[in-house]
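Q: Please take a close look at the place where the ligand sits. Then follow the chain outward from there.

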Amino acid sequence: MGVTRTPLIAGNWKMNEDHLQAIALVQKLAWTLKDANHDFADAEVAVFPPFTDLRSVQTLVSADKLEIAYGGQDISANDSGAYTGEISGAFLAKLDCSYVIIGHSERRQYHNESDELIGRKVLAAVRHGLVPVLCVGETAEDLEKFGASAVPVSQVKAALADFPKDAPLVVAYEPVWAIGSGKAATAEQAGEVATVLRATLTEILGAEAADKVRILYGGSVKKANIAGFMKQKDVDGALVGGASLDVDEFAGIAQFGKHVTV
Ligand code: PEP
């Protein structure tokens with residue numbers, strides 16, 4: 001029998017919102033979710049602000065006892081030392097981050113992050129008690145050449161080669177062609193890849209651990225299309241970019257249980 005996986009709705013703010021704007025955004029999100037009687041047992045909500053916002057977000061979340069989780073958008077593979085510009089998992093853990101996004105396609109593309117480096121970052125997250133949100137996904141070219149699941153499967157295998165089976169993990173399937181394009185995958189496409197990814201996780205980690213991993217879909221998720229994704233048996237939430245900066249839209253996504261699919 002499968003475990004019950006609490007859905008996770010995660011907002012990747014990318015390089016948007018300074019620390020003052022972050023306070024206002026998280027405050028408004030908390031109020032909006034409260035007004036909607038959001039039950040965090042139905043869907044966990046997490047935000048991923050820029051590094052310079054995290055201390056402010058931590059202070060607000062702790063002072064107001066908010067149930068909103070948060071994390072970094074990246075992590076260094078190293079724990080400390082001469083790595084100019086990098087952020088250690090130790091620093092994220094000290095700020096009470098729960099999660100860290102690793103291997104986002106924008107990091108893979110603009111910073112040439114390899115599968116090997118991403119695997120080391122995943123292990124760094126585990127060392128510091130952070131839950132990695134491992135992003136995988138195919139480009140439009142990959143899709144045409146290899147189909148939808150081949151590249152995400154090979155990215156998962158490479159990143160998790162040395163992953164400890166009992167560590168918590170989130171995998172975000174984000175087709176690169178769907179990110180920021182307004183052209184989301186269909187719910188069925190996302191569901192099919194998520195099922196293949198869970199089978200891959202079963203091969204790597206065993207059935208019990210794979211069953212616990214939350215698999216998110218990401219790529220042009222909105223209030224209007226979230227319900228379809230959430231109906232897929234292996235999709236356990238969403239990684240949301242653009243729409244996470246619009247509080248009503250993001251809160252609406254978190255409240256996916258209330259929507260009727262179109
Ligand atoms: C993302 O950046 O992870 C993402 C899914 O972006 P968007 O929702 O804007 O497509």
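A: A polar side-chain atom of Glu-174 is placed 2.7 Å from an oxygen atom of the ligand in this predicted model. Two further contacts come from the backbone. An N or O backbone atom of Ser-220 lies 2.7 Å from a ligand oxygen, and a backbone N or O atom of Gly-241 lies 2.8 Å from an oxygen atom of the ligand. The ligand taken alone exposes 300 Å², and the protein buries 95% of that.

The shell around the ligand has 14 residues, and those that come nearest are Lys-14, Glu-174, Gly-180, Ser-220 and Gly-241. By class, the shell divides into 4 nonpolar, 8 polar and 2 charged residues.

Next, the strands. Strand E6 covers residues 170-173. Both of its faces are covered: on one side Val-170 and Ala-172 are buried, and on the other Val-171 and Tyr-173 are buried as well. E6 has a parallel pairing with strand E5 (residues 131-136) over 4 bridges. It also pairs in the parallel sense with strand E7 (residues 214-218), again over 4 bridges. Val-170 illustrates both pairings: in E5 it has Val-133 opposite, and in E7 its bridge partner is Arg-214.

Strand E5 also holds Pro-132. Pro-132 counts as buried because its relative accessibility is 0%, where the cut-off is under 20%. Pro-132 is 58 residues from Asp-74 in sequence, yet the two C-alpha atoms are 9.5 Å apart in space. A second pair that is separated in sequence involves Val-136 and Arg-108, which are 28 residues apart along the chain and 9.7 Å apart from C-alpha to C-alpha. Arg-108 belongs to helix H4 (residues 105-110). Despite its charged side chain, Arg-108 counts as buried because its relative accessibility is 15%.

Now the cysteines. Why does the structure hold 0 disulfides? A disulfide is a covalent bond between the sulfur atoms of two cysteines. The sulfur of Cys-97 has its closest cysteine sulfur in Cys-135, 15 Å away, which is too far for a bond. Seen from Cys-135, the closest cysteine sulfur is that of Cys-97, again at 15 Å and too far. The cut-off for a disulfide is 2.5 Å between the sulfur atoms. Both cysteines are buried: Cys-97 has a relative accessibility of 8%, and Cys-135 has a relative accessible area of 3%.

Two loop residues deserve a check of their backbone angles. Most residues other than glycine have a negative phi. Lys-65, however, has a positive phi, near 50°. Lys-65 lies in the loop that runs between helix H2 (54-63) and strand E3 (69-72). With a relative accessible area of 70%, Lys-65 is exposed. The other residue is Asp-96, whose phi is also positive, near 60°. Asp-96 is found in the loop between helix H3 (89-94) and strand E4 (99-102). With a relative accessible area of 47%, Asp-96 is partly exposed.

To return to the ligand: the polar contacts described above involve the side chain of Glu-174, the backbone of Ser-220 and the backbone of Gly-241.

Notes: Residues are numbered from 1 along each chain as its sequence is written. This is a predicted model: local features need pLDDT of at least 70, side-chain atom pairs count only at pLDDT 80 or more; totals for chains, interfaces and linings use all residues. Side-chain values use heavy atoms; hydrogens and water are left out. A residue is near a molecule or strand if one of its heavy atoms lies within 4 Å of it. A polar contact is a pair of N or O atoms within 3.5 Å; within protein, one must be able to donate a hydrogen and the other to accept it, and residues adjacent in sequence count only if both atoms are side-chain atoms. Accessible areas come from the Shrake-Rupley method with a 1.4 Å probe; for residues, only the protein chains shown count as cover. Buried means under 20% relative accessible area, exposed over 50%, partly exposed in between (1.4 Å probe, protein chains only). Helices (H or I, at least four residues) and strands (E, at least two) are DSSP runs, numbered from the N terminus. Two strands pair if DSSP finds at least two bridges between them.
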